[in-house]
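Me: I have a model open and would like to talk through how its labels are earned. Could you help me set each value against its definition?

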Amino acid sequence: MRQLKFKPKSRIREFVGEKLISVNAYAALIVTLLIFIFVFKEAIPIFTDSIIQEEAAPDKMVFKQQFYEGREAKWSWQPTSDVPKYSLMPLFIGTLKAAIIAMLFAVPLGVGAAIYSSEFAPKRLREIIKPAIEMLAAIPSVVLGFFALMILATFLQNVLGLTFRLNALNAGIALGLAVIPIVFTIAEDAMTSVPRALRDAATALGANTWQVSLTTVLPAAIPGIAAGIVLGFGRAVGETMIVLMASGNAAIVSASFLDSVRTFSATIAAELAEVVFGGTHYTVLFFIGSLLFVFTFLINLTGDFFLVRLKEKMQGRTT
Amino acid sequence: MRTILTIAVMLTLLAGILLAGTTITIKGSDTLVRLGQRWAEEYMKKNKDVVIQVSGGGSGTGIAALLNGSTDICEASRDMKEKEYKLAEKKGIKPYRVSVALDGIAVFLHKANPVTELSFAQLKGIYTGAITNWKEIGGKDTRIILYGRENNSGTYAFFKKKVLNKEDYSEYTQTLPGTAAVVNAVSKDKHGIGYGGIAWAKGVKYAAVRKSDSTAAISPSVETVSDGTYPISRDLYWFFNGVPTGELKKLLNWALSEEGQKLAAESDYVPLPKERALANMVP
């Protein structure tokens with residue numbers, strides 16, 4: 001038998017190796033932090049610069065404004081107008097509309113596919129379904145956007161007789177395609193990680209496959225499914241290219257999901273390239289970026305919270 | 001060994017630049033940058049001792065560069081503002097403006113749309129949201145679907161200034177990246193209307209445009225933009241500091257020559273009418 005030898009030299013190597021690896025881990029953290037600081041720094045003038053505040057103080061971005069005398073107050077996003085208008089409400093509503101449609105489309109499909117794949121599908125079929133759905137995540141979003149712009153939009157308009165060819169529904173469904181793999185993967189993993197003992201116990205008590213999956217596995221995996229939904233929502237809010245191409249980008253305040261929408265992320269993508277550095281428009285776009293950052297950060301935090309709950313539950317430490 | 005090679009390469013490059021003699025920088029309008037590059041390529045082929053560097057950034061950027069003395073030629077799709085002329089005077093810069101090409105903005109309609117011509121007043125009504133149904137302007141009883149460009153585009157700004165009298169676009173205007181996307185959207189939308197450069201229309205039809213009710217409606221084409229009868233058109237300028245001399249003068253006169261203007265037409269710009277091009281040359 002060969003003896004393992006630890007010479008002092010290899011200890012030094014080990015030490016260096018360990019430090020190198022830890023640097024990698026910290027690097028990601030530091031980069032995130034630096035991006036966070038950079039984005040926020042550029043948005044700060046919203047709260048401090050009096051010239052910028054004249055056009056884009058936080059209250060002006062939230063509430064209806066009367067931009068011209070004698071005309072009614074309204075929300076309006078017209079940043080390059082002679083009277084620049086920076087209401088964030090149309091963009092907020094647009095972002096929400098697209099994300100809601102995406103979730104309505106993706107959650108039933110994603111969770112349903114997860115239940116089928118983990119509980120009902122024969123093992124061999126499962127090995128095809130899972131990677132196939134996860135492949136959806138590998139499709140570049142610009143391709144999904146292009147598909148929605150050229151094919152899906154025409155199809156929806158012809159079938160539903162829509163006034164606006166590019167609208168929240170169209171963008172939302174395309175977004176949903178990007179969200180499905182997230183919901184599916186996390187939900188499926190949660191369900192397959194439900195301990196064998198739970199299933200066996202249910203089966204021993206006479207439950208059939210349906211009863212086992214709906215009354216035992218699904219409730220046990222709820223935190224995992226919730227995490228999938230929450231993280232999927234985060235993706236739907238932050239995704240840029242699909243909505244930029246498929247939503248029509250009109251900043252409208254309305255209740256209809258069949259109107260065009262303009263989202264936060266698409267607005268940044270479309271406008272940041274040519275704004276005056278340090279100007280009001282620039283600052284407002286960075287403010288929007290900060291909002292998105294905080295929002296997705298909170299969403300991911302919530303998702304992680306659910307995942308930790310799931311782990312605890314599976315290990316029987318739930319209270 | 002590698003260091004020596006690198007140094008050798010850099011020296012050669014440096015020598016190349018030094019020996020080339022004249023370096024001309026052109027900066028400004030994103031509308032014009034493609035033409036500027038085309039001209040520069042051709043000119044450098046003919047004059048091996050001249051190096052021309054062309055970059056975009058927008059008319060404002062180009063004008064700022066001219067005022068700072070960091071560019072020889074400024075390309076602009078608009079005239080300088082009064083503020084900028086004053087600033088130039090303060091800095092001792094004498095802007096010399098020359099039209100080098102023309103640009104027309106067409107209004108696109110779906111091929112099946114019965115509407116064939118639109119007045120400025122109607123266009124303004126349509127794009128500000130005052131007119132929302134095709135019925136109001138002689139079409140079918142359906143809603144007008146507006147397509148336009150993103151708010152950082154020069155075409156967006158020009159159309160807004162010229163046709164909308166600087167009023168805001170309707171919030172229902174769907175904004176798309178690039179004229180090609182607008183044309184594509186209108187070609188797929190029976191009730192759509194869009195605007196963009198005149199060389200782009202494939203699968204859509206042009207609306208003839210009249211400036212007022214008393215004038216004739218003119219269809220956009222290279223000819224009508226070139227002779228100035230089509231109302232939504234603009235001059236594209238080169239600005240120099242003072243009347244150009246030497247190599248700059250040679251370059252300008254070449255760009256305005258038949259050969260230069262032919263290149264403009266090939267790159268989808270509208271060439272200047274011959275007399276205007278001749279008149280713009282510096283003797």
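Me: How far apart do the C-alpha centres of domain 1 of chain B and domain 2 of chain B lie?

Reply: Happy to help, and please keep in mind that this is a predicted model. The two C-alpha centres lie 32 Å apart. Domain 1 covers 2-102 + 236-280 of chain B, and domain 2 covers 104-226. Where these domains touch, domain 1 of chain B gives 10 residues and domain 2 of chain B gives six. The domain 1 side of that contact has five nonpolar, three polar and two charged residues.

Me: Why is Ser29(B) called buried?

Reply: The label needs 20 or more other C-beta atoms within 10 Å. Ser29(B) has 26 C-beta neighbours inside 10 Å, so Ser29(B) counts as buried. You will find Ser29(B) in the loop between strand 1 (22-28) and helix 2 (33-46) of chain B.

Me: What makes Ser29(B) touch a residue, and which residues does Ser29(B) touch?

Reply: A contact calls for C-beta atoms within 7 Å. Leaving aside residues up to four places away in sequence, the partners of Ser29(B) include Gly58(B), Ser59(B), Glu75(B), Gly154(B) and Leu236(B). As for Tyr237(B), its C-alpha is 9.1 Å from that of Ser29(B), with their positions 208 residues apart in sequence.

Me: How do you know where the largest nonpolar core lies with respect to domain 1 and domain 2 of chain B?

Reply: That core has 150 residues, and Val183(A) and Phe108(B) have the most contacts inside it. Its largest share, 17 residues, comes from helix 8 (residues 168-192) of chain A. Both domains of chain B also give residues to this core, so the core lies between them.

Me: Which residues does Val183(A) touch, not counting those up to four places away in sequence?

Reply: Among them are Ala106(A), Val107(A), Val111(A), Gly228(A) and Ile229(A).

Me: How does the radius of gyration of chain A stand against that of a compact globule of 319 residues?

Reply: The globule would come out near 20 Å, but chain A has 25 Å. Its C-alpha trace spans about 85 × 65 × 40 Å along the principal axes. Chain A has 13 helices and two strands, and buried residues make up 41% of its 319 residues.

Me: How many residues does each chain bring to the contact between chain A and chain B?

Reply: Chain A brings 21 residues and chain B brings 16. On the chain B side, three are nonpolar, six polar and seven charged.

Technical notes. Residues are numbered from 1 along each chain as its sequence is written. Chains are lettered from A and ligands numbered from 1 in the order in which they are written. This is a predicted model: local features need pLDDT of at least 70, side-chain atom pairs count only at pLDDT 80 or more; totals for chains, interfaces and linings use all residues. Two residues are in contact if their C-beta atoms, placed from the backbone, lie within 7 Å. Ala, Val, Leu, Ile, Met, Phe, Trp, Tyr, Cys and Pro count as nonpolar, Asp, Glu, Lys and Arg as charged, and the others, Gly among them, as polar. Domain bounds come from an automatic or database domain assignment. A nonpolar core is a set of buried Ala, Val, Leu, Ile, Met, Phe, Trp, Tyr and Cys residues joined through C-beta atoms within 7 Å. A residue is buried if 20 or more other C-beta atoms lie within 10 Å of its own, exposed if 12 or fewer, and partly exposed in between; C-beta atoms are placed from the backbone. Helices (H or I, at least four residues) and strands (E, at least two) are DSSP runs, numbered from the N terminus. The radius of gyration is taken over C-alpha atoms; the globule rule is 2.2 Å times the number of residues to the power 0.38.
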